[in-house]
Amino acid sequence: MSDLPLNLVPAPRARVVLLSGPSGSGKSSLAERAGLPVLQLDDFYKDGDDPTLPQLPEDGGTDWDSPLSWHREQALAAIRALVETGRAEVPVYSIPANGRDGSRVVELHGAAAFVAEGIFAAELAGQCAAEGLLGEALCLRNRPATTAWRRFRRDVREGRKSVPYLLRRGWRLMRAERGIVARQVALGAHACAGPEAERRVRAVAAAPPARVAA
């Protein structure tokens with residue numbers, strides 16, 4: 001037993017696994033299989049009427065694949081709260097409502113790690129590493145055609161947008177996929193396929209929790 005005063009005994013802290021990758025790469029499925037608490041970073045999208053939303057140059061529509069369409073600092077604050085307290089109140093984003101529709105509480109219930117997944121997760125890798133929050137930063141990588149087909153089937157099934165819109169977006173993202181992965185790697189994420197990513201997530205979950213002075 002430690003002889004340190006109680007306020008100096010290191011307190012356990014959870015680690016975050018940042019799971020990024022192009023839209024349709026399988027992030028949500030992998031996060032579910034991992035069996036860890038999940039923070040869905042897509043819930044931090046800006047509302048559809050936010051005047052700061054970035055626009056696509058070709059048709060003037062909103063560029064939802066730009067990090068500028070997303071509340072980075074709010075997502076980072078939620079990660080900090082989960083690491084430090086095991087609890088965070090987060091927004092719920094509704095695609096049909098084109099904006100936030102209430103909130104929910106994410107709790108770790110003592111888990112040593114949690115997954116924060118979304119297409120912009122790698123944007124937080126450097127800051128999370130600098131603050132000692134990071135367990136792992138991963139970018140799911142597939143063949144662009146595979147990702148495009150998965151994305152199209154999901155978006156049609158969920159009725160996210162009209163089919164013509166989804167086809168235009170899908171073609172644009174498929175051509176851009178290698179560049180998207182390269183950017184996420186440059187931000188600090190390790191690019192890999194699903195099986196390797198799952199092994200790495202489980203390794204973080206099995207590691208002893210980080211400890212800091214209380």
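These legends describe close-up views of a predicted model.

**View 1. The open parallel sheet of five strands.**
The strands of this sheet follow the order 3-6-2-7-8, with parallel pairing. Strand 3 (38-40) and strand 8 (190-192) are the edge strands, each paired on one side only. From one strand to the next, the twist averages 25°.

**View 2. Strand 2 and its pairing with strand 7 and strand 6.**
Strand 2 (residues 15-20) is joined to strand 7 (residues 134-140) by five bridges in the parallel sense. Along this pairing, valine 17 stands opposite glutamate 136 in strand 7, and serine 20 stands opposite cysteine 139 in strand 7. Strand 2 also runs parallel to strand 6, and five bridges join the two. Here arginine 15 of strand 2 is placed opposite alanine 113 in strand 6.

**View 3. The side chains of strand 2.**
In a regular strand, side chains alternate between the two faces of the sheet. Arg15, Val17 and Leu19 point one way from strand 2, while Val16, Leu18 and Ser20 point the other way. All of these residues are buried. Strand 2 is thus described as mostly covered, with six of its six residues buried.

**View 4. Helix 6 packed on the sheet.**
Helix 6 (residues 194-206) touches strand 2, strand 6 (113-117), strand 7 and strand 8. The direction of helix 6 makes about 170° with that of strand 7.

**View 5. The edge-to-face pair of tyrosine 45 and tryptophan 64.**
A search of the whole structure finds five aromatic pairs. In the pair of tyrosine 45 and tryptophan 64, the ring centres are 5.6 Å apart and the planes lie at 85°, so the pair is edge-to-face. Tyrosine 45 and tryptophan 64 are 19 residues apart, and both belong to the loop between strand 3 and helix 2 (72-85). Both tyrosine 45 and tryptophan 64 are buried. One aromatic cluster is formed by Tyr45, Trp64, Trp70, Tyr93 and Phe120.

**View 6. The stacked pair of tryptophan 149 and phenylalanine 152.**
The rings of tryptophan 149 and phenylalanine 152 have centres 6.3 Å apart and planes at 25°; the pair is stacked because planes under 30 degrees apart count as such. Both residues, tryptophan 149 and phenylalanine 152, lie in helix 4 (residues 144-158), three residues apart, or about one turn of the helix. Tryptophan 149 has a relative accessible area of 52% and is exposed, whereas phenylalanine 152, at 24% relative accessibility, counts as partly exposed.

How values were computed. Residues are numbered from 1 along each chain as its sequence is written. This is a predicted model: local features need pLDDT of at least 70, side-chain atom pairs count only at pLDDT 80 or more; totals for chains, interfaces and linings use all residues. Side-chain values use heavy atoms; hydrogens and water are left out. Two strands pair if DSSP finds at least two bridges between them. Helices (H or I, at least four residues) and strands (E, at least two) are DSSP runs, numbered from the N terminus. Axes are lines fitted to C-alpha atoms, for helices over the stretch in contact, and angles run from 0 to 180 degrees between N-to-C directions. Contact means heavy atoms within 4.5 Å. Rings of Phe, Tyr and Trp (its six-membered ring) pair if their centres lie within 6.5 Å; planes under 30 degrees apart count as stacked, over 60 as edge-to-face and the rest as tilted. Buried means under 20% relative accessible area, exposed over 50%, partly exposed in between (1.4 Å probe, protein chains only).
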